Amino acid sequence: MRKIIVLSFLTLDGVMQAPGGPDEDRSGGFAHGGWTVPHFDEYLGKVMEDQMSRPFDLLLGRKTYEIFAAYWPLHGADGGAGLNRATKYVVSKTLQKADWTPSTLIKGDVVEEIRKLKDQAGPELQVHGSGDLIQTLLKHDLVDELWLKTFPVVLGKGKRLFAEGAMPASFKLLESRISPSGVSIANYERAGEVKTGSFA
C-alpha cells in the first residue's frame, strides 16, 4: 500500500494559505501571501531537497497543480526535477485536461479513487499545498504521515491545515528539528485513535 504524506508550511496558528507569494491565493481577502519567505533559509531548503529526493508521485488539488505546472517545467534545474518526473494525480471537478506530463485527472468519487490509488504499487504520494484536498483526506482518514514546517508567525486568519471536519486522530512524532531561522520541522505518522485520561 502506498503512503499519502502531507507536506505543509504552517504558521503558529495553523494557517497554510499562500506561503510562497503575495498573489498565490488571495481568496477570503488574504493579505499575507509569502509569509514563509523571510524565514526560508539554506537549512530548510536542504530539508525540502532531502524529502523530495526520494521516489514519489504527487497528489494535488487543482490550484496547486496549476501553480506548479506554470513554474516547475521551466525550472527543473532549480530543484524541480523530482516534481517534473513524478506522476501527478490531480483532483478537480473543473479541470478538463492536465498538460504537465505525466498527469492523471481524478474525478467522480474522489475518496474511492484515492483509496484505489493507495492500494496500487508505486512510490509514496506527496501532497503539497492543496488545502481543500487535504481537508478531504483528513476527513476520511487517508493521511499516513504529516511532514510539517511551522514558522514563527501568527496571521489570525486564512485557510488552516486542520479545519472544521478533520477526523480525531493520534499521530506519533518520528523526527523533529529546528532551522537556524526558527522554523520547527516535525514529521508524524498516523497512530490509531485518540486516547484520553484524567489527572483527577
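Me: In what order do the 8 strands of the open sheet run?
Reply: Happy to walk through it; keep in mind that this is a predicted model. The sheet is open and its pairing is mixed. Read across, the strand order is 4-3-2-5-1-6-8-7.

Me: Which strands stand at the edges, with a single partner strand each?
Reply: Look at the two ends of the order 4-3-2-5-1-6-8-7. A strand there has a single partner, so one of its sides is left without a neighbour in the sheet. The edge strands are strand 4 (103-106) and strand 7 (171-178).

Me: Do strand 7 and strand 8 pair in the parallel or antiparallel sense, and over how many bridges?
Reply: Strand 8 covers residues 184-190. One of the bridge pairs joins R177 to I185 in strand 8. The pairing of strand 7 and strand 8 is antiparallel, over 7 bridges.

Me: What angle does the direction of helix 1 make with that of strand 6?
Reply: Helix 1 (residues 42-51) packs on the sheet. Among the strands it touches are strand 1 (4-11), strand 5 (124-128) and strand 6 (145-151). Its direction and that of strand 6 make an angle of about 165°.

Me: Is H32 buried, partly exposed or exposed?
Reply: H32 sits in the loop between strand 1 and helix 1. Leaving aside neighbours within four places in sequence, H32 contacts A18 and L155. Its relative accessible area is 40%, and values between 20% and 50% count as the middle class, so H32 is partly exposed.

Methods: Residues are numbered from 1 along each chain as its sequence is written. This is a predicted model: local features need pLDDT of at least 70, side-chain atom pairs count only at pLDDT 80 or more; totals for chains, interfaces and linings use all residues. Side-chain values use heavy atoms; hydrogens and water are left out. Two strands pair if DSSP finds at least two bridges between them. Helices (H or I, at least four residues) and strands (E, at least two) are DSSP runs, numbered from the N terminus. Contact means heavy atoms within 4.5 Å. Axes are lines fitted to C-alpha atoms, for helices over the stretch in contact, and angles run from 0 to 180 degrees between N-to-C directions. Buried means under 20% relative accessible area, exposed over 50%, partly exposed in between (1.4 Å probe, protein chains only).
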